[in-house]
Amino acid sequence: MSVFIYNTNVQIQKDRRTIAKLNVETYGQRIENDIENGIEITDTLKQVLINGNGQIINFSKVAENLMSYSIQSVQLAPNGVVTEIYPEEGNETGKIDLLKDSKRGEISNYAKDHNITITQGPIELKQGGSGLVVRNPIYLKDENGQEYFWGFTIAILRVPEVFEDSTNALSKFKYNYRLSREASVLDKKHVVVDANCDKMIRPVTYDLTVGKEKWKLEIMPRAGWSNSKTLYLIFFGGLSLVLLLTGLTTLLFLLDERRVELKELANKDGLTKLYNRYGFDEMAEKMISKNPKEHCVAVLLDVDDFKLINDMYGHAYGDKALISLSENMQKFFPSSALLGRNGGDEFCILLPNCTMEEVKESLIEFTKTPKTFSYKGQTYSFCISLGYAEYPNNAIERSQLMRCADTALYEVKLHGKNGCKAYQEGFQSGVRKQLGFVLNDISENLPGAFIIYRADKEDDEIFYANRHI
């Protein structure tokens, strides 16, 4: 009996480690992608500076459109000196000379000299919580075509908000986790960025690479690798053949039930109970591939000025607004619709067996339907922006279809938010998606007709405007 129990325990640990390895790899990749998305904000600012020859007109407006609930602030540091910060309130002390600062000088000069994006942190934020500082060096060309150091674009990412979908899922799976990173490219010693425990016992590990820096995600079951309850069940079941068989059956059932539970949790958003981004993508891919000749409509929507809700009422009430919106979606759309939260305040929908023309009035009605949340006994309303595209008329692949819907959503944002638009050929996409709202603001201050191109590519038009003098 003791040999049997020992072998069973070994098998349980092996199964748990196998499942843990799958989870650490899945969520490690997602965290890596979430951090990269945060870093891309500095690349967007970099592109604006290149297009503006080192100038950004109306920086506050540009920065406001880049902000999200996981971004603490966006900054510019020409010649290494921080001069522009959004939002400025509460961040005034951040205006320093990075190249000469005792804590930031060495790593900032390294980033400048080697022209690489660097990350520092975690640091304590004066507004509360922790953050990661991303500095992206910018080099421009002078009139003689010689490159010169312009300065840095900077983003402060809030921790753990920037990757909380993944860490929340791990906690709900009853895993202890620890996310750490090299202190810098100059210091290989790992520092903890986020964790939900003090000690890890024989964790499984996934190595992340963010830019030039190495990160590490470690996880282990909260209850340990062994399952003492199952072992006791098997031991007492060994008193008779019947109980033994019952114990083995129960063990297999528990393991199978756990696998089903893990798969379900891995695909659901903890806050809204809708599919998360990864679950939505998987289900949408299956729906389209199962009926490749049927038309369907993809929808992307987000909350207008969501950061303002968080700033005025707090993140807890921002969450209430998101929950209220998800409940509205579940009540309004048919049960056949696939509903998901893309992350932050962005939601996604796939409406099967329909065309854009057939759902146009319905989507307009949903956009106009009042949406509210409660704060201290009072009810407050908020608005959404919505864009949609049709398969296969606009795109023949799921990812391309979602990009078309995303492009339509940003077209709504460019024209004042609080609206609904169908995708059309000619809408801005790609780099335009990131920079369109910025260049639109800039163009309002420029007379005449003009076209803006990327500085590093030929014949790559970014923006067109026709202003009458």
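**Figure 1. Ile39 sits in helix H1, which covers residues 2-51.** This is a predicted model, and our tour of it starts at this isoleucine. Is Ile39 buried or exposed? Its relative accessibility is 9%, and anything under 20% counts as buried, so Ile39 is buried. Now look at who is around it. Leaving out residues up to four places away in sequence, Ile39 touches Thr117, Thr119, Val134, Leu157 and Val210. Take Thr117 from that group: 78 residues separate it from Ile39 along the chain, yet their C-alpha atoms are 8.7 Å apart.

**Figure 2. Here is the whole chain, for orientation, with its twelve helices and 18 strands.** Let's step back for a moment. The chain has 469 residues, and 47% of them count as buried. How much area does the chain expose? The answer is about 23900 Å², with carbon and sulfur atoms supplying 49% of it. Think back to Ile39 and Thr117, 78 residues apart along the chain. Among contacts in the chain with a separation of 6 or more, 60% are between residues 24 or more positions apart.

**Figure 3. Two cis peptide bonds, each leading into a proline, are shown here.** Most peptide bonds are trans. One cis bond joins Tyr86 and Pro87, with omega at about -5°. Pro87 belongs to the loop that runs between strand S2 (84-86) and helix H3 (105-114). The other view has Val159 and Pro160 joined by a cis bond, this time with omega at about 10°. Where does Pro160 lie? Look in the loop between strand S5 (147-159) and helix H4 (164-172).

**Figure 4. Asn115 and Asn418 both have a positive phi.** Most residues other than glycine have a negative phi, so these asparagines deserve a look. Asn115 has a phi of about 50° and is found in the loop between H3 and strand S3 (118-124). With a relative accessible area of 42%, Asn115 is partly exposed. For Asn418, phi is near 50°. This residue is in the loop between helix H11 (398-414) and strand S16 (420-422). Is Asn418 buried or partly exposed? At 45% relative accessibility, Asn418 counts as partly exposed.

**Figure 5. Asn267 is in the loop between helix H6 (241-266) and helix H7 (277-290).** Here's another asparagine in a loop, so check its accessibility: at 13%, Asn267 counts as buried. Which residues is Asn267 in contact with, setting aside neighbours within four places in sequence? They are Leu274, Tyr275, Asn276, Gly279 and Glu282.

**Figure 6. Pro352 belongs to strand S12, residues 346-352.** This proline is partly exposed, with a relative accessible area of 27%. Skip its neighbours within four places in sequence, and Pro352 is in contact with Met287, His295, Cys296, Ser336 and Ala337. Ala337 is 15 residues from Pro352 in sequence, and the C-alpha atoms of the two are 6.6 Å apart in space.

**Figure 7. Glutamates gather in a patch of negative charge on the surface.** Which residues make up the patch? They are Glu357, Glu358, Glu361 and Glu365. To get your bearings, find Glu365 in helix H10, which spans residues 356-368.

Technical notes. Residues numbered from 1 in each chain as written. Predicted model: local features only at pLDDT ≥ 70, side-chain atom pairs only at ≥ 80, totals over all residues. Heavy atoms only, no water. Patch = residues over 30% accessible without salt bridge, like charges linked within 9 Å, V, L, I, M, F, W, Y side chains within 5 Å. Areas by Shrake-Rupley, 256 points an atom, 1.4 Å probe, with all protein chains shown as cover. Salt bridge = Lys/Arg side-chain N within 4 Å of Asp/Glu carboxyl O. Lys, Arg positive; Asp, Glu negative; His and termini not counted. Charge placed at Lys NZ, Arg CZ, Asp CG, Glu CD. Helix = DSSP H or I, 4+ residues; strand = E, 2+ residues; numbered from the N terminus. Buried < 20%, exposed > 50% of the residue type's maximum accessible area, 1.4 Å probe, protein only. Contact = heavy atoms within 4.5 Å.
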